[in-house]
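Open the model in a viewer and keep the selection panel at hand. The stops below say what to select next and what is there.

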Amino acid sequence: MKRKNIALIGKGNWGKIIKNKLAKITNIKFVAGKNYKEKNYNDIDWVFILTPDYSHKKIIDFLFKKKINIFCEKPLVRSYLRSKEIYNKADSRKQKIYISDILNYIKIKKKPKKENIIFRQKKGEYNTKEILYRLAYHDFYLNYKYLNFSKTRIVKIFKNKKLKINIINNKYSFNFIYNLKNSKKIHTYNSKQIVKKEDPLLKMLYTILYKKVNYKENRKVSMFALKFIEKIINN
(Lines give C-alpha, C1' and ligand atoms only; values in the text may rest on other atoms or scores of the structure.)
Protein backbone atom coordinates (compact mmCIF):
# COMPACT_ATOMS: atom_id res chain seq x y z
CA MET A 1 0.00 0.00 0.00
CA LYS A 2 1.37 3.37 -1.04
CA ARG A 3 0.82 5.78 1.82
CA LYS A 4 -1.12 8.96 1.17
CA ASN A 5 0.47 12.32 1.84
CA ILE A 6 -1.76 14.26 4.20
CA ALA A 7 -1.82 17.46 6.22
CA LEU A 8 -3.72 18.40 9.35
CA ILE A 9 -5.17 21.76 10.28
CA GLY A 10 -5.94 21.91 13.99
CA LYS A 11 -3.77 21.35 17.05
CA GLY A 12 -6.39 20.72 19.73
CA ASN A 13 -6.92 17.55 21.75
CA TRP A 14 -9.05 15.89 19.07
CA GLY A 15 -6.50 16.87 16.45
CA LYS A 16 -3.80 15.09 18.43
CA ILE A 17 -5.93 11.94 18.67
CA ILE A 18 -6.52 11.86 14.92
CA LYS A 19 -2.87 12.66 14.25
CA ASN A 20 -1.81 9.56 16.21
CA LYS A 21 -4.20 7.41 14.17
CA LEU A 22 -3.13 8.88 10.83
CA ALA A 23 0.55 8.42 11.67
CA LYS A 24 -0.04 4.66 11.43
CA ILE A 25 -1.39 4.74 7.86
CA THR A 26 -0.18 7.94 6.14
CA ASN A 27 2.73 10.28 5.58
CA ILE A 28 1.95 13.36 7.65
CA LYS A 29 3.62 16.28 5.88
CA PHE A 30 2.68 18.92 8.42
CA VAL A 31 0.30 19.94 11.19
CA ALA A 32 -0.83 23.55 10.99
CA GLY A 33 -2.67 25.95 13.23
CA LYS A 34 -3.58 29.52 12.38
CA ASN A 35 -0.61 29.56 10.01
CA TYR A 36 -2.20 27.05 7.60
CA LYS A 37 -2.10 29.53 4.69
CA GLU A 38 1.69 29.68 4.90
CA LYS A 39 2.21 25.95 4.31
CA ASN A 40 3.19 24.16 1.11
CA TYR A 41 0.35 22.00 -0.21
CA ASN A 42 2.17 20.53 -3.17
CA ASP A 43 1.85 16.70 -3.32
CA ILE A 44 -0.77 16.65 -0.53
CA ASP A 45 -3.56 14.13 -1.21
CA TRP A 46 -5.89 15.00 1.68
CA VAL A 47 -6.21 17.78 4.24
CA PHE A 48 -7.92 17.02 7.57
CA ILE A 49 -9.74 19.98 9.11
CA LEU A 50 -9.85 19.44 12.87
CA THR A 51 -10.71 22.93 14.07
CA PRO A 52 -13.90 24.36 15.67
CA ASP A 53 -16.79 24.45 13.21
CA TYR A 54 -16.96 28.27 13.06
CA SER A 55 -13.61 28.21 11.20
CA HIS A 56 -14.48 25.47 8.69
CA LYS A 57 -15.87 27.57 5.84
CA LYS A 58 -12.88 29.93 5.76
CA ILE A 59 -10.43 27.02 5.66
CA ILE A 60 -12.46 25.14 3.04
CA ASP A 61 -12.60 28.22 0.80
CA PHE A 62 -8.82 28.39 0.99
CA LEU A 63 -8.43 24.68 0.20
CA PHE A 64 -10.76 24.95 -2.78
CA LYS A 65 -8.06 27.02 -4.46
CA LYS A 66 -5.57 24.20 -3.84
CA LYS A 67 -7.83 21.50 -5.36
CA ILE A 68 -7.16 19.06 -2.52
CA ASN A 69 -9.52 16.45 -1.05
CA ILE A 70 -10.97 17.47 2.32
CA PHE A 71 -11.91 15.57 5.46
CA CYS A 72 -13.83 17.78 7.87
CA GLU A 73 -14.88 17.20 11.44
CA LYS A 74 -18.61 17.50 12.00
CA PRO A 75 -20.53 19.65 11.53
CA LEU A 76 -19.32 21.00 8.21
CA VAL A 77 -20.93 24.32 9.16
CA ARG A 78 -23.92 25.15 11.35
CA SER A 79 -26.21 25.88 8.44
CA TYR A 80 -27.97 23.53 6.05
CA LEU A 81 -28.06 26.12 3.24
CA ARG A 82 -24.42 27.09 3.68
CA SER A 83 -23.38 23.42 3.64
CA LYS A 84 -25.31 23.02 0.39
CA GLU A 85 -23.37 25.94 -1.12
CA ILE A 86 -20.06 24.35 -0.06
CA TYR A 87 -20.97 20.99 -1.59
CA ASN A 88 -22.07 22.63 -4.85
CA LYS A 89 -18.77 24.47 -5.03
CA ALA A 90 -16.89 21.23 -4.37
CA ASP A 91 -18.82 19.52 -7.17
CA SER A 92 -17.99 22.29 -9.62
CA ARG A 93 -14.30 21.92 -8.75
CA LYS A 94 -14.44 18.10 -8.63
CA GLN A 95 -13.09 18.03 -5.09
CA LYS A 96 -14.03 15.42 -2.51
CA ILE A 97 -15.39 16.37 0.90
CA TYR A 98 -16.03 13.79 3.60
CA ILE A 99 -17.64 14.67 6.94
CA SER A 100 -16.77 12.59 9.99
CA ASP A 101 -19.41 9.90 10.60
CA ILE A 102 -17.59 7.67 13.04
CA LEU A 103 -20.68 5.90 14.42
CA ASN A 104 -21.28 4.39 10.99
CA TYR A 105 -18.03 2.46 11.50
CA ILE A 106 -19.18 0.84 14.74
CA LYS A 107 -20.98 -2.47 14.42
CA ILE A 108 -24.28 -1.79 16.13
CA LYS A 109 -27.14 -4.25 16.12
CA LYS A 110 -29.79 -1.63 15.59
CA LYS A 111 -33.37 -2.86 15.35
CA PRO A 112 -35.72 0.08 15.85
CA LYS A 113 -38.80 -0.54 17.94
CA LYS A 114 -42.00 1.41 17.97
CA GLU A 115 -40.53 3.35 20.90
CA ASN A 116 -36.76 3.91 21.13
CA ILE A 117 -34.46 5.51 23.67
CA ILE A 118 -31.01 6.88 22.91
CA PHE A 119 -29.19 7.95 26.06
CA ARG A 120 -25.88 9.74 26.30
CA GLN A 121 -24.10 10.91 29.44
CA LYS A 122 -20.93 12.94 29.92
CA LYS A 123 -19.73 15.94 31.91
CA GLY A 124 -20.19 19.23 30.10
CA GLU A 125 -21.30 22.84 30.15
CA TYR A 126 -23.17 22.83 26.83
CA ASN A 127 -26.37 24.70 26.09
CA THR A 128 -29.10 23.22 23.86
CA LYS A 129 -27.39 24.18 20.59
CA GLU A 130 -24.02 22.77 21.68
CA ILE A 131 -25.62 19.49 22.72
CA LEU A 132 -27.36 19.24 19.36
CA TYR A 133 -24.27 19.96 17.24
CA ARG A 134 -21.69 18.17 19.40
CA LEU A 135 -23.61 15.10 20.58
CA ALA A 136 -27.06 14.64 19.03
CA TYR A 137 -25.70 15.18 15.51
CA HIS A 138 -24.14 11.67 15.63
CA ASP A 139 -27.34 10.05 16.80
CA PHE A 140 -29.43 11.79 14.15
CA TYR A 141 -27.35 10.61 11.19
CA LEU A 142 -27.12 7.13 12.72
CA ASN A 143 -30.93 6.97 12.75
CA TYR A 144 -31.41 8.81 9.47
CA LYS A 145 -33.61 6.11 7.90
CA TYR A 146 -36.02 6.16 10.85
CA LEU A 147 -36.18 9.93 11.41
CA ASN A 148 -36.43 11.06 7.80
CA PHE A 149 -40.19 11.40 7.58
CA SER A 150 -42.06 14.45 6.34
CA LYS A 151 -44.52 14.52 9.24
CA THR A 152 -42.65 14.67 12.52
CA ARG A 153 -43.66 16.00 15.94
CA ILE A 154 -40.83 17.29 18.11
CA VAL A 155 -40.83 18.20 21.80
CA LYS A 156 -37.60 19.37 23.47
CA ILE A 157 -36.98 20.18 27.13
CA PHE A 158 -33.70 21.50 28.55
CA LYS A 159 -33.57 21.62 32.33
CA ASN A 160 -30.88 21.11 34.97
CA LYS A 161 -28.19 20.30 32.38
CA LYS A 162 -30.33 17.61 30.76
CA LEU A 163 -31.81 17.81 27.28
CA LYS A 164 -34.74 15.58 26.36
CA ILE A 165 -35.99 15.41 22.79
CA ASN A 166 -39.11 13.42 21.96
CA ILE A 167 -39.56 12.78 18.23
CA ILE A 168 -42.66 11.07 16.87
CA ASN A 169 -43.49 10.24 13.27
CA ASN A 170 -46.00 7.87 11.71
CA LYS A 171 -43.78 4.81 12.33
CA TYR A 172 -41.51 5.43 15.31
CA SER A 173 -41.08 7.28 18.55
CA PHE A 174 -37.57 8.33 19.64
CA ASN A 175 -36.49 9.74 22.98
CA PHE A 176 -33.03 11.30 22.88
CA ILE A 177 -31.73 12.03 26.37
CA TYR A 178 -28.49 13.93 27.02
CA ASN A 179 -27.32 14.17 30.62
CA LEU A 180 -24.37 16.50 31.29
CA LYS A 181 -24.33 16.16 35.08
CA ASN A 182 -22.25 12.99 35.42
CA SER A 183 -18.62 12.51 34.33
CA LYS A 184 -19.08 8.79 33.61
CA LYS A 185 -19.45 8.44 29.84
CA ILE A 186 -22.40 6.36 28.72
CA HIS A 187 -23.93 5.95 25.26
CA THR A 188 -26.77 3.47 24.88
CA TYR A 189 -29.32 2.52 22.23
CA ASN A 190 -32.45 0.95 23.76
CA SER A 191 -30.50 0.17 26.95
CA LYS A 192 -27.66 -1.55 25.07
CA GLN A 193 -24.25 0.08 25.31
CA ILE A 194 -22.80 1.14 21.97
CA VAL A 195 -19.66 -0.95 22.28
CA LYS A 196 -16.49 -0.02 20.41
CA LYS A 197 -14.93 -3.43 20.03
CA GLU A 198 -12.90 -2.29 17.06
CA ASP A 199 -11.17 1.02 16.49
CA PRO A 200 -13.91 2.92 14.61
CA LEU A 201 -11.81 6.07 14.22
CA LEU A 202 -8.91 4.28 12.56
CA LYS A 203 -11.34 2.21 10.49
CA MET A 204 -13.09 5.35 9.23
CA LEU A 205 -9.83 7.12 8.36
CA TYR A 206 -8.40 4.08 6.57
CA THR A 207 -11.60 3.54 4.59
CA ILE A 208 -11.76 7.15 3.43
CA LEU A 209 -8.14 7.17 2.32
CA TYR A 210 -7.73 3.74 0.76
CA LYS A 211 -11.12 2.23 -0.03
CA LYS A 212 -14.19 3.14 -2.01
CA VAL A 213 -16.61 5.24 0.03
CA ASN A 214 -20.08 6.54 -0.71
CA TYR A 215 -19.64 10.31 -0.77
CA LYS A 216 -23.26 10.88 -1.79
CA GLU A 217 -24.51 8.95 1.23
CA ASN A 218 -22.11 10.78 3.54
CA ARG A 219 -23.37 14.09 2.17
CA LYS A 220 -27.00 13.01 2.48
CA VAL A 221 -26.80 12.02 6.14
CA SER A 222 -24.62 14.96 7.19
CA MET A 223 -26.99 17.45 5.55
CA PHE A 224 -29.98 15.64 7.04
CA ALA A 225 -28.47 15.98 10.52
CA LEU A 226 -27.96 19.73 9.99
CA LYS A 227 -31.49 20.23 8.68
CA PHE A 228 -32.95 18.15 11.49
CA ILE A 229 -31.07 20.14 14.13
CA GLU A 230 -32.37 23.39 12.63
CA LYS A 231 -35.87 21.96 12.76
CA ILE A 232 -35.47 21.16 16.46
CA ILE A 233 -33.96 24.57 17.27
CA ASN A 234 -36.81 26.38 15.50
CA ASN A 235 -39.49 24.15 16.99
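## Helices and sheets, stop by stop

Helix 4 and helix 7 are oblique to each other, because the angle between them is about 135°. The model is a predicted one. To see this pair, select residues 128–142 for helix 4 and residues 215–233 for helix 7. Their axes are 9 Å apart, and helix 4 passes helix 7 in a right-handed crossing. Now show side chains. On helix 4, the residues that meet helix 7 include Leu132, Tyr133, Tyr137 and Phe140; on helix 7, the residues they meet include Val221, Phe224, Phe228 and Ile232. By class, this contact has 13 nonpolar, one polar and two charged residues.

Keep helix 7 selected and add helix 3, residues 80–93. The angle between helix 3 and helix 7 is about 160°, with the axes 9 Å apart. That makes helix 3 roughly antiparallel to helix 7, as the angle is over 145 degrees. This crossing is left-handed. Among the residues in contact are Tyr80, Ser83 and Tyr87 of helix 3, and Asn218, Met223 and Leu226 of helix 7. The contact has four nonpolar, three polar and five charged residues.

Next, drop helix 7 and add helix 2, residues 56–64, beside helix 3. How are helix 2 and helix 3 oriented to each other? They are roughly parallel, with an angle of about 10° and axes 11 Å apart. From helix 2 select Lys57, Ile60, Asp61 and Phe64; from helix 3 select Arg82, Ile86, Lys89, Ala90 and Arg93. These residues divide into four nonpolar, no polar and five charged.

Now turn to the sheets. One is an open sheet of five strands in the order 2-1-3-4-5, with parallel pairing. Strand 2 and strand 5 (97–99) stand at the edges with a single partner strand each, so one side of each has no neighbour in the sheet. On average, neighbouring strands here are turned by 20° against each other, direction ignored.

Within this sheet, select strand 1 (residues 4–9) and strand 2 (residues 26–32), which pair in the parallel sense over six bridges. Isoleucine 6 stands opposite isoleucine 28 in strand 2. Follow the chain from strand 1 through helix 1 (residues 13–22) to strand 2: this β-α-β crossover is right-handed. Strand 1 also pairs with strand 3 (residues 46–49), in the parallel sense over four bridges. There, leucine 8 stands opposite phenylalanine 48. Add helix 6 (residues 200–210), which packs on the sheet and touches strand 1, strand 2, strand 3, strand 4 (69–72) and strand 5. The direction of helix 6 makes about 150° with that of strand 3. Bring back helix 7 as well: helix 7 lies across strand 3 and strand 5, at about 50° to strand 5.

The last stop is an open sheet of six strands in the order 7-8-9-6-10-11, with mixed pairing. Which strands stand at its edges? They are strand 7 (152–159) and strand 11 (192–193), each with a single partner strand, so one side of each is left without a neighbour in the sheet. Select strand 10 (residues 186–189) with strand 11; the two pair in the antiparallel sense over two bridges. Tyrosine 189 stands opposite lysine 192 in strand 11. Finally, show helix 7 once again: helix 7 lies across strand 7 and strand 8 (162–169), running at about 65° to strand 7.

Conventions: Residues numbered from 1 in each chain as written. Predicted model: local features only at pLDDT ≥ 70, side-chain atom pairs only at ≥ 80, totals over all residues. Heavy atoms only, no water. Pairing = 2+ DSSP bridges. Contact = heavy atoms within 4.5 Å. Axes fitted to C-alpha atoms, helices over the stretch in contact; angles between N-to-C directions. Parallel < 35°, antiparallel > 145°, perpendicular 65-115°, else oblique. Left-handed = near helix turned anticlockwise from the far one by under 90°. Nonpolar A, V, L, I, M, F, W, Y, C, P; charged D, E, K, R; others polar. Right-handed = clockwise from strand over helix to strand, strands pointing away.
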